[in-house]
Structure formats: C-alpha cells, structure tokens
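Trainee: I've got a new model on my screen and I'd like to talk it through. Can we go over it together?

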Amino acid sequence: MTTALRSIKALAPLLDRVLVQRVKADVKTAGGIFLPESAQKELNQAHVLAVGPGALDKKGNRLPMGVKSGDKVLIPQYGGSPIKVGEEEYSLFRDSEILAKINES
C-alpha cells in the first residue's frame, strides 16, 4: 500500500524511522545503448532524506541514529513502507533495517 502526499517536505519520520529515496539504475550502458525497463535492475543504494529523533530505551533515553540526512546507504531489496509523491517514490525504513552506510572518499 502506498501513501500519496503533495510534498515530501510534509513528512517527518518518527522514532527510529529513516526516509530514503532509492538511487535510480542507469538507463543506458557505457556504450550508449538504452536499456528497456525490463532489463533495468533496482539498486539497493539509497540517499537518506530525513531521519527521526531516535527510539527510546527502557529508561526513556533516546538512542542515537546510525545515519543522518545526506548519507548514502545500502538498504534491503524488499521491505520498508513505500511512499509516493507525484511521480517520485520514497521508502521509510527503521534505522536497524539499514544494512550499511556507504562512505565515499
């Protein structure tokens, strides 16, 4: 089930949720050949757009988030809660579901 919003700025993740947008796959090869949609593979990389304040532990203290806005991350192939804003698609994941942070130097 997808949720329709007018603007992604209207969405603020709660607790340990992370709002991401998947990196789009290349539509043409290095040689310049355009790939049909059926041949394009969905990537597991995403850009973090917003993060919640963090979950609460048993004592009521906030647990720090593992990622922040602007990070590039590796996400699971399936899962998350899909959100559609216009033609763009986003996903909400829990901080613990994010597989890795990609550090590009």
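Trainee: What percentage of the residues of the protein count as buried?

Mentor: Keep in mind that this is a predicted model. A residue has to fall under 20% relative accessible area to count as buried. The protein has 105 residues, and the share of them that counts as buried is 28%.

Trainee: And how many helices and strands does the secondary structure of the protein come to?

Mentor: Just walk along the sequence and you'll read β-β-β-β-β-β-β. That puts the count at 0 helices and 7 strands.

Trainee: What share of the contacts with a separation of 6 or more comes from residues 24 or more positions apart?

Mentor: One example of such a pair is Asp71 and Lys101, which sit 30 residues apart and meet in a salt bridge. Taking the contacts in the protein with a separation of 6 or more, the share from residues 24 or more positions apart is 65%.

Trainee: Let's look at pairing. Which strand is joined to strand β2 by 4 bridges?

Mentor: Strand β2 covers residues 17-22, and its partner covers residues 88-94. Look at Val18, which stands opposite Phe93. The two strands run antiparallel, and the partner is β6.

Trainee: Which residue takes a positive phi in the hairpin of β5 and β6?

Mentor: Strand β5, residues 81-85, is joined to β6 by 5 bridges, and the two run antiparallel. Ser81, for instance, has Leu92 as its bridge partner in β6. The hairpin has 2 residues between the strands, and the one with a positive phi, near 65 degrees, is Gly86.

Trainee: Now the inside. Which elements give two or more residues to the largest nonpolar core?

Mentor: Nonpolar side chains tend to be buried together in soluble globular proteins. Here the largest core has 10 residues, including Val18, Val20, Ala46, Val48 and Phe93. The elements that give two or more residues to this core are β2 and β3.

Trainee: How many residues are in the other core, the one with Ile8 and Leu19?

Mentor: That core lies apart from the largest one. Ile83 and Leu92 are also among its residues. Its size is 7 residues.

Trainee: Is Ser91 buried or exposed?

Mentor: Ser91 is found in strand β6. Leaving out residues up to four places away in sequence, Ser91 touches Val18, Leu19, Val20, Ser81 and Pro82. Its relative accessibility is 12%, so Ser91 counts as buried.

Trainee: What about the outside? Which residues make the nonpolar surface patch of about 300 Å²?

Mentor: Start in the loop between β1 and β2, where you'll find Leu15. Leu15 has a relative accessible area of 41%, so it is partly exposed. The residues that make the patch are Leu14, Leu15 and Leu56.

Trainee: On to charges. Which residue meets Asp71 in a salt bridge at 3.7 Å?

Mentor: Asp71 has a relative accessibility of 8%, so it counts as buried. Lys68 also meets Asp71 in a salt bridge, at 3.3 Å from N to O. The 3.7 Å partner is in strand β7, while Asp71 is in the loop between β3 and β4. At 39% relative accessibility that partner counts as partly exposed, and it is Lys101.

Trainee: Which residues are joined into one network by salt bridges that share partners?

Mentor: Asp16 forms a salt bridge with Arg17, with the closest N and O atoms 3.5 Å apart. Asp16 counts as buried because its relative accessibility is 13%, whereas Arg17 at 28% counts as partly exposed. Arg94 is in contact with both of these residues, leaving aside its neighbours within four places in sequence. The network is made of Asp16, Arg17 and Arg94.

Trainee: Last one. How many Å apart in space are Arg94 and Leu19, C-alpha to C-alpha?

Mentor: Arg94 has its place in strand β6 and is partly exposed, with a relative accessible area of 37%. In sequence, Arg94 and Leu19 are 75 residues apart. In space, C-alpha to C-alpha, the distance is 8.9 Å.

Technical notes:
Residues are numbered from 1 along each chain as its sequence is written. This is a predicted model: local features need pLDDT of at least 70, side-chain atom pairs count only at pLDDT 80 or more; totals for chains, interfaces and linings use all residues. Side-chain values use heavy atoms; hydrogens and water are left out. Buried means under 20% relative accessible area, exposed over 50%, partly exposed in between (1.4 Å probe, protein chains only). Contact means heavy atoms within 4.5 Å. Two strands pair if DSSP finds at least two bridges between them. A nonpolar core is a set of buried Ala, Val, Leu, Ile, Met, Phe, Trp, Tyr and Cys residues joined through side-chain atoms within 4.5 Å. Patches are made of residues with over 30% relative accessible area and no salt bridge: like charges are joined within 9 Å, nonpolar side chains (Val, Leu, Ile, Met, Phe, Trp, Tyr) within 5 Å. Accessible areas come from the Shrake-Rupley method with a 1.4 Å probe; for residues, only the protein chains shown count as cover. A salt bridge is a side-chain nitrogen of Lys or Arg within 4 Å of a carboxyl oxygen of Asp or Glu.
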